[in-house]
Amino acid sequence: MAEGGRRAWFGEGALEVAGRRVPLRSGSVQYFRIARGAWRDALTAARDAGLGMIETYVPWGVHERAPGELDFGAARPENDLGAFLDLAHELGLLVFLRPGPHVNAELTYFGLPSRIVKDEACWARSPRDTPVYLHAPPRMFPVPSFASQRFQEEADRWLGAVADIVRSRAAPEGPVALVQLDNEPCLYFRNGPYDQDYHPDAQVKWRRFLRERYASLDALRSAHAMDYASFEHADPPARFEPDPSRLPRHLDWAAFQESLVTDALRRFATVLRERGLGHVPTVVNVPVGEGGIPVSYGALDGVADLVGFDYYHAAASLETVKRRTELLAGVSDLPFAPELGVGSPPWLLPLEHEDSFETALTALAYGLRGMNLYMFVDRDRWIGAPVDANGAPRPALEPWARLLRALAAVRHEGLTRKAEVAIVLPAEYRRLARVTSVLGPLGPQLFDALAHDPVFGCRMDTLGFADPIQVRWWEDVVALAAALDRRSIAYCFVPSEMPEERLSRYRFVFSPSFEICSDDRWRALARAARAGSVVALGPREPTVDDRGRPSRRALGAGMALVDTRAEGWADELAARWTDDHGAGSPFRSETPGVHVTVHEDARGPRVVFVLNPGDGPVDAAFRVPTALRFADALDGETFAAAERVVVPVRARSVRMLLVEDAAVETADASPPAQDAGRAPRARSARPAARAGKKRSR
Amino acid sequence: MIDPDVRITGFDARAFRRLLALFTPDRVETADGDALAGDDAGGLLFVVESAHGEVLFAHHSRKGRVQRLPDTSDPAKLRRIYGASRCVVVRDGALEELEQRTALRLSPKDDYLTQLLMVAHAAREMIHAGQIRIDPEPLGSLPLPGPGMLARALDILLPAGRAAVLCLWDGASIETAAVVHRGSDGAIVALYGPDWLEASVGPLGGDFRRDHRHITDAVSAALAPVAIGIYAEARTLHALLRSPDPGAFAAAAATRELVVHPMPPYAVVALGADALRSVASTSGRALGGVDLVTALTPIARALLDAVEVHTVTSVLGFNPLAALSGWLARRSGEAPEARPEEIAGPEDDR
């Protein structure tokens, strides 16, 4: 929760504005890239499609005409941010504003002014003091340092100028209801563990970080196995040292990089608050490849009011979308996609309509409650928006509008998906995976994004432990997730640095456990056990903390050790939870590889998603707890059954089924006409209105 | 060469994917039904070793993580053992070193192609220093041009203040298109797609052999005089780009399967050279190996001199189209990679 406890702005999956619940469903319209004469049509198209909110970046580099000289419409009509916000307000639209300072948006230099990019004092630094270039077209550029005092001061001035425009236009009097802090928090996609940041200002912060963490020089020396003469002599590591005694030094470096990002965001938030936007909730958007970036979800949660994930995925990667949303649901009470890619930039692989649409449905299936369709209106350097730059609809608009109508009709934002299991992602193991990556600037974010594996590039040596922990922890996580899927047991991934009480929400908790364990993680596991959660961890009891200090912990009541080295351990654990504790959804998939998720409100199940990530179409069968009738939210096809439903699902796609009534008469669930005369397929599927119908999306 | 404010617009996802597909390897179906592409056809083996040769990381793109890898001193041997089409062995820290070397040369003011060349030069240095070992080395036989050479080559292909049109059809409708506009200062300022083209051109008849003149005129009026326009069925150009056959382009132009309009002098020469190669290839076989190309070289040289055309090949030191077709053909499993001498031939500007 953001400092100050401002989460009251969100309730039941929606934003609350002047007592009104507003679902977080928006579309991106970049005022500075479309002709001013097209603004009204573009915004009207968004409203007509069912969006109550639009989103835009405010790019520093576009508004800055000369050093210190900002144009908000005097020189270029399209730069008139105030007029754009006023028009949105006139049309009854709220605005989700993203003023950077980093915006990307496929703008040259990621939307930063060229003078900032060329200012050496702003540059992040490699261990050899070289600048750190991002290879993004149409110009590679040296990325700024989050620690650079010069950069921070310049960014403060920029954000202050935006706040001056926006202050009088903030909700509820005005349209601006949500503000994003910076963009895709990481080290400007140069996230190799020893890529950056060795800027002089960063080195000062590093030493301050160590002082706060260790307090005494002796404690620091002991932890780092380094004979520092003073804190001022504690240089940051320039590359990984495979010496077990030095591991805490590298884990500290990884934690420090996380703090660099978080501290910068905190400063941006402070500027906005001090310049009069303190009553507008804030959001941060975590980029794709989150397993390889230096972020602490717990810290992000403390800086912003909402932590969201961006989604850019092909339909062939629905399992990845699933996994990411299961993490987002473990991080955020209102899972939100600040960028759900509808189309793609020209320098990435093009995403077609089906890719974006099935990604959205998959994320919704696993708990996404809000999304910003990025881009909704076309613009330069974008391919695949559903509305052209003049506000005219393209064929892809209709399915999106249909989906938005369906979400509104079922009040999707207020539904919940109950996850029974928390799979803990230990912060110290994630950091270990980052620092042991041998792919340098290529990883680990890139390979998490490409191979969907945050430990892809890790070295394989054991570093003095029994196993290569940096890889094994993830293998255990993946194994258990697969076993839970096989038994239709819903789960979330919960980063260990989230607030301690979070784990207690779940009936079952699993944490990978090797020799290293931070005090914080152990405390959270013990607390969950005391609160009644069934806690399993393994394969080993920890023996040292993340500072290298011996630390033997006894398993308390409700905690059990699992030998994850044994074959089939994950299935055995899932079976035990099912058999002994009744875990598992009554909506159980009977088709291997097919997933079924259920979303409920106080009346019971309202929406069921059926996901087929496979390469071929399937007749997906799943159990239902009582007689139910379903209607596909998008094509209207209906199904009814007493105990077992069969739903045809195309390859790599998702069906969103609305539960029409709580129950139907048993007679309604009788076999379909074509089955007359056969032995009744008791309680089997009945596609009620399939004949001759094509799915039109 | 590429303007920092370059515009890219007028594509939908499908048209853009089709455009990219021309220049990317086709998917190859293996015997067991796997669909593989590019390097994955035989797999890429990627190894990171310590300074002492200890394997820190090994991954095969088809087989996953590789345990207990033998001696890494010979990437060619590793490639054979693991059935990979390419093996890359990187010394631990070399990727960071590559980035740092590159950063010392780069400037944010430089054009993107210049920046890419800087990266390529740094990478080649690392390869020569043995920090990165690749077998087979991609484009190993190609000289790396300097930014000036690249700019001169671009001047030949698309002079400043002119536009180039690529318009590909599927029957009576445009399947994909690209219009490149080079500004008067020599920088590429825009890449427009089929939406822009159709909005600028208006209704078409549906036959590229007739419509091409109208398109060329409309683009010239809307944007800049067209230096070269290429019109064909998409599948025709797709095949031509992968064809190892000498003379394929010339034959397609002769039968109007490929329309080049307007046709700049370098295209006349390139198609002529292509035809010449075809004649040489055919007659060489028919004449029992008599080398007609050698015999005709003085004539070709005279032709080149007569029209005062400098070829892209002579500027760059290699034939980019031959390199591309060789690469595409090999990755698409259609033909072996072109021999270095075919790519680098000084007069071979097809």
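## Chat about strands, a long-span helix check and cavities

Student: Let's start with strand β11 of chain A, residues 176–180. Is it mostly covered or mostly open?
Tutor: Mostly covered: five of the five residues in β11(A) are buried. Buried means under 20% relative accessible area, with exposed over 50% and partly exposed in between, using a 1.4 Å probe and protein chains only. This is a predicted model, where local features need pLDDT of at least 70, side-chain atom pairs count only at pLDDT 80 or more, and totals for chains, interfaces and linings use all residues. Residues are numbered from 1 along each chain as its sequence is written, and side-chain values use heavy atoms, without hydrogens and water.

Student: Ok, which strands does β11(A) pair with?
Tutor: Strand β8 (residues 94–98) of chain A pairs with β11(A) in the parallel sense over three bridges, and Leu97(A) has Val179(A) as its bridge partner. Strand β12 (residues 282–286) of chain A is also parallel to β11(A), over two bridges, with Gln180(A) opposite Val283(A). Strands here are DSSP runs of E, at least two residues, and helices are runs of H or I, at least four, numbered from the N terminus. Two strands pair if DSSP finds at least two bridges between them.

Student: What's the strand order in the five-strand sheet?
Tutor: That open sheet runs β17-β16-β18-β19-β20 in chain A, with parallel pairing. Its edges are β17 (491–495) and β20 (559–561), each pairing on one side only. Inside, β18 (residues 508–513) and β19 (residues 534–539) of chain A share six bridges, and Phe508(A) stands opposite Val534(A).

Student: Switching to helices: how far apart are the end C-alpha atoms of α8(A)?
Tutor: They are 42 Å apart, which agrees with the 45 Å expected for the 31 residues of α8 (247–277) at 1.5 Å a residue. The expected span is 1.5 Å times one less than the number of residues. As for cover, 23 of the 31 residues of α8(A) are buried.

Student: And how many cavities of 30 Å³ or more?
Tutor: Five. A cavity is a set of points on a 1 Å grid over the protein atoms alone where a 1.4 Å probe fits but cannot get out, and lining residues have an atom within 4 Å of a point. Volume is the space filled by probe spheres set on the points, which are joined across faces, edges and corners. The largest cavity is about 240 Å³.

Student: What lines that largest one?
Tutor: Twelve nonpolar, one polar and eight charged residues. Here Ala, Val, Leu, Ile, Met, Phe, Trp, Tyr, Cys and Pro are nonpolar, Asp, Glu, Lys and Arg charged, and the others, Gly among them, polar. α13(A) gives the largest share, four residues.

Conventions:
Chains lettered and ligands numbered in written order. 1 Å grid on protein atoms, 1.4 Å probe; cavity = no way out; pocket = protein on both sides within 12 Å on 5 of 7 lines; lining within 4 Å.
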